[in-house]
There are 2 protein chains.
Amino acid sequence: MTRFYPLEDRQLLAVDCVIFGFDNQDLKLLLIRRNMEPASGMWSIMGGFPRHDESLDNAAVRVLKQLTGLVDVYLEQLYAYGNVERDPGERVVSVAYYALIRIEDYDKHLVREHDAHWSRISDIPELVFDHRVMVDKALRRLRRKARIQPIGFELLPDTFTLPQLQALYEAIYQKELDKRNFRKKILSMGLLDKLEEKDKTSSKKGAWLYRFNPEKYQEALANGFYFSVDV
Amino acid sequence: MTRFYPLEDRQLLAVDCVIFGFDNQDLKLLLIRRNMEPASGMWSIMGGFPRHDESLDNAAVRVLKQLTGLVDVYLEQLYAYGNVERDPGERVVSVAYYALIRIEDYDKHLVREHDAHWSRISDIPELVFDHRVMVDKALRRLRRKARIQPIGFELLPDTFTLPQLQALYEAIYQKELDKRNFRKKILSMGLLDKLEEKDKTSSKKGAWLYRFNPEKYQEALANGFYFSVDV
DNA sequence: CGCCTAAAGTGTATGTTTAACACTTAAACA
DNA sequence: TGTTTAAGTGTTAAACATACACTTTAGGCG
């Protein structure tokens, strides 16, 4: 192969992945105990090194799968962190991603192996390097996007109730919402299919189950519709 | 120095910079003729390689300065492009930035040296590699942000008229706006200082000059204000 | 078996924001 | 002094966001 670019200019590149989950109460973050120097033993988000023959996106998918066993989940690039001193061991440029997963789906085995745990976002321990900056950026991104794109559903099971959906938005925005206005707005978008089944785990009366319908969303988009939730 | 990470995993890293300007008519893009293999001679956005001892942001600032002579302009990271095949010469991860500059301020000498020219965004030639993808993403970002943050002013001279400002928004969104509604909205935010001077370059009557006041914006922000222009 | 409890579900009125729309004013120049 | 050209100005109707309280359901328990 012809080499066009200077050899000496190669840099160390990493990907790091902020992983969000929702346990029907709180928005949570999956953190691991770092098992690599420097800063071994500290809390950290999951990371890895992209191989020469894989894209950044692929590396992020691989990292996420390593920790959770999950593929085909919502995963989006966040930002590239390139301060010289961000990793005290050595200059490493890190491309951060964030993922939204259904919290009951992850592989408990793998998580235990990595000494990982779920942390409430209101209660995040000290993190290694600039990982806290990444997490804060991921949260801001999630908060911006969840208003205007139907990504919240990625954090819920396939079927869910309206009170569950509302609790999710309340957890994301740390803000109580009006039940009537919330339901009105969500249902008026016409993106949910109502099932003929109730979930009774959180009340005697039970709440109707719904399912997000991506086809309806795509069709609405094509007709100039904009998703929007007021928070 | 102790080395913590594997040596063989280093990658080639670049920064590329989408540069926007506004000539009171059209939103424009500063493109160069690439003078490096592969694809020498093709249109391209300006790029460079971050040094080991400089941050990504710094590298982007340096690249922008190299082409325009400008420092202290609006510059924001866009996205990290990491497909394996994006550069046919060799695997290069590129972190793209975009800049908003005042089009009369750039260094004509430097631009000539780089064989660069301004292209209307409605009339962009074929670009090298994935640069068109970067440009499109920069445009979407600009369009999203210019609605909700006062970054449009970065493309205008220090003092400007309301018709000029409106023409800028019309160029960004490729959409005609209602003069009365636009002026009402802009002025109601109370972020502009009206000067006692008119600009007569585009009409006999002349249009009053205004200046964006960043202090007023900061104060408003602190009081819960949100910038917003309807387009 | 009926009463209590706890969460689910429902509608209206008011205020705010957006969108649509046409004429007057100013000043240069013929 | 009339003509031309862009700058500047308000009002109305519709859509949307916000605030707010009672009824329904069904399980559990006395």
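**Reading a protein surface beside DNA**

Tutor: Beside DNA strand C, at least two residues each come from α5 (179-188) and β10 (207-212) of chain A and from α5 (179-188) of chain B. Helices (H or I, at least four residues) and strands (E, at least two) are DSSP runs, numbered from the N terminus. This is a predicted model: local features need pLDDT of at least 70, side-chain atom pairs count only at pLDDT 80 or more, and totals for chains, interfaces and linings use all residues. Residues are numbered from 1 along each chain as its sequence is written, chains are lettered from A and ligands numbered from 1 in the order in which they are written, and side-chain values use heavy atoms, leaving out hydrogens and water.

Student: Which element gives the most to the surface near DNA strand C?

Tutor: Near means that a heavy atom of the residue lies within 4 Å of the strand. α5(A) gives the most, with five residues.

Student: How many residues surround DNA strand C, and which are the closest?

Tutor: There are 22. The closest are Lys179(A), Lys184(A), Trp208(A), Asn181(B) and Lys205(B).

Student: What polar contacts should I look for?

Tutor: A polar contact is a pair of N or O atoms within 3.5 Å; within protein, one must be able to donate a hydrogen and the other to accept it, and residues adjacent in sequence count only if both atoms are side-chain atoms. A side-chain N or O atom of Lys184(A) is 2.9 Å from a base oxygen of DNA strand C. For Arg180(B), such a side-chain atom is 3.3 Å from a base nitrogen. Lys200(B) has a polar side-chain atom 3.0 Å from a phosphate oxygen.
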